[in-house]
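Q: I should like to learn how the features of a protein model are read. Could we work through one example together?

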Amino acid sequence: NYTIGQLNDRADATIVMARTTLDDINLGQATIEQAIVNGDMQVVGDEEAFASFLSLLDVFDPYFNIVTP
């Protein structure tokens, strides 16, 4: 969970980036890997825990058919 101005002391990893970097990732203009390599995103803490979290995320076609004929 995210609360403005508060960090969880028990977090395995914390991600630090500018809002513009997050926007670029969400819009598909950059990848997480590119952001890390470019220094636009930092993983503080357990990088393997973050990688494990990323492996749980699905990539799907946002234009899937809700109703098919």
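The dialogue below moves from the overall fold to the core, a pocket and two single residues.

A: Please keep in mind throughout that this is a predicted model.

Q: Which elements make up the secondary structure of the chain, and what pattern does the chain follow along the sequence?

A: One counts the elements, then reads their order. The chain has three helices and two strands, arranged along the sequence as β-α-α-β-α.

Q: What does the radius of gyration of the chain show beside that of a compact globule?

A: The general idea is to set the value beside the one expected for a globule with that number of residues. For 69 residues a compact globule would have a radius of gyration near 11 Å, whereas this chain has 15 Å. The box filled by the C-alpha atoms, taken along the principal axes, is roughly 50 × 25 × 25 Å.

Q: What share of the residues counts as buried, and how much accessible surface does the chain have?

A: Of the 69 residues, 9% count as buried. The accessible surface comes to about 6300 Å², and carbon and sulfur atoms hold 54% of that area.

Q: Which residues form the largest nonpolar core?

A: Here one looks for buried nonpolar residues whose side chains are joined. The largest such core consists of five residues, namely I25, A35, M41, V43 and F50. Leaving aside residues up to four places away in sequence, F50 touches A13, I15, I32, I36, M41 and V43.

Q: How is empty space found, and what lines the second largest pocket?

A: Rolling a probe the size of a water molecule over the atoms shows where empty space is left. In this model the second largest pocket has a volume of about 410 Å³. Its lining comprises 14 residues, and those nearest the centre are I25, L57, D58, V59 and F60. The elements giving two or more residues to this lining are α1 (19–26) and α2 (32–37).

Q: Is V59 buried or exposed?

A: One compares the relative accessible area with a cut-off, and over 50% means exposed. V59 has a relative accessible area of 84%, so this residue is exposed. V59 is found in the segment after α3 (47–55). The C-alpha atoms of V59 and L7 are separated by 28 Å, the two residues being 52 apart along the chain.

Q: Why does T21 count as buried, and which residues does T21 touch?

A: The cut-off for buried is under 20%. T21 counts as buried because its relative accessibility is 10%. This residue has its place in helix α1. Not counting residues up to four places away in sequence, T21 touches A35 and D40.

Definitions and conventions. Residues numbered from 1 in each chain as written. Predicted model: local features only at pLDDT ≥ 70, side-chain atom pairs only at ≥ 80, totals over all residues. Heavy atoms only, no water. Core = buried A, V, L, I, M, F, W, Y, C linked by side-chain atoms within 4.5 Å. Buried < 20%, exposed > 50% of the residue type's maximum accessible area, 1.4 Å probe, protein only. Contact = heavy atoms within 4.5 Å. Helix = DSSP H or I, 4+ residues; strand = E, 2+ residues; numbered from the N terminus. Rg over C-alpha atoms; globule rule 2.2 N^0.38 Å. Areas by Shrake-Rupley, 256 points an atom, 1.4 Å probe, with all protein chains shown as cover. 1 Å grid on protein atoms, 1.4 Å probe; cavity = no way out; pocket = protein on both sides within 12 Å on 5 of 7 lines; lining within 4 Å. Points joined across faces, edges and corners; volume = space filled by probe spheres on them.
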